[in-house]
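I opened the notebook to record what I looked up here, one item at a time, with residues and elements named as I went.

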Amino acid sequence: MSSSGSTYGDIHRYEPPRESTAAAIAIVLLTFVQIVFVAMFVYGLSENWGIAGTDGGTGNTVLGFLLTAIFVNLGFILLLYRKEFLPDVMIVKKRRRKWEDLYVREEDADGTSLAGGTGGFWDTIKRAVYPYYKR
């Protein structure tokens with residue numbers, strides 16, 4: 001579904017989400033796995049698995065694996081949610097250079113010449129070498 005509007009803020013394209021049942025079930029299952037990983041990590045912290053010498057030095061490795069599994073699992077949950085349950089919307093925006101609005105006025109976007117200027121020769125040299133000079 002797209003519109004023919006070209007004013008700023010108009011929705012150019014809108015595709016509704018699929019909202020599949022399989023993705024919802026997968027998110028629920030991944031959430032249960034996430035809860036198990038977080039519970040194991042908290043239990044490992046409370047039992048001092050990460051302290052050297054108490055378990056032969058493998059506690060940090062297990063805690064690191066659990067923390068990695070937590071964030072990878074969370075990444076898959078968010079990926080499925082974004083892909084299946086959020087709409088794809090494209091909004092009409094004005095294209096402009098990244099630096100244009102921050103430092104340079106619109107009439108000075110192309111730069112200044114070395115020959116002329118309002119502040120003298122050295123001021124025009126400074127503005128030519130450093131065009132993002134704040135006025």
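I looked up I25 first and placed it in helix 1, which spans residues 21-46; the model I am reading is a predicted one. For its exposure I noted a relative accessible area of 49%, so I25 is partly exposed, given that the exposed class begins over 50%. I then noted that I25 belongs to a nonpolar surface patch together with V28, L29, F32 and I35, and that the accessible area of this patch comes to about 510 Å².

Next I turned to how helix 1 sits against helix 2, the latter covering residues 59-85. I found that their axes come within 9 Å and cross at roughly 160°, which means that helix 1 runs roughly antiparallel to helix 2, since angles over 145 degrees are counted that way. I entered the crossing of helix 1 past helix 2 as left-handed.

My last query concerned charge pairs: how many salt bridges does the count give? The count comes to one salt bridge, and I traced it to the side chains of E84 and R18, with 3.4 Å from N to O. Because E84 lies in helix 2 and R18 in the loop between strand 1 (11-15) and helix 1, the pair ties together parts that are 66 residues apart in sequence.

I also checked whether each partner is buried or exposed. E84 has 11% relative accessibility and therefore counts as buried, whereas R18 is exposed, with a relative accessible area of 57%.

Notes. Residues numbered from 1 in each chain as written. Predicted model: local features only at pLDDT ≥ 70, side-chain atom pairs only at ≥ 80, totals over all residues. Heavy atoms only, no water. Patch = residues over 30% accessible without salt bridge, like charges linked within 9 Å, V, L, I, M, F, W, Y side chains within 5 Å. Areas by Shrake-Rupley, 256 points an atom, 1.4 Å probe, with all protein chains shown as cover. Salt bridge = Lys/Arg side-chain N within 4 Å of Asp/Glu carboxyl O. Helix = DSSP H or I, 4+ residues; strand = E, 2+ residues; numbered from the N terminus. Buried < 20%, exposed > 50% of the residue type's maximum accessible area, 1.4 Å probe, protein only. Axes fitted to C-alpha atoms, helices over the stretch in contact; angles between N-to-C directions. Parallel < 35°, antiparallel > 145°, perpendicular 65-115°, else oblique. Left-handed = near helix turned anticlockwise from the far one by under 90°.
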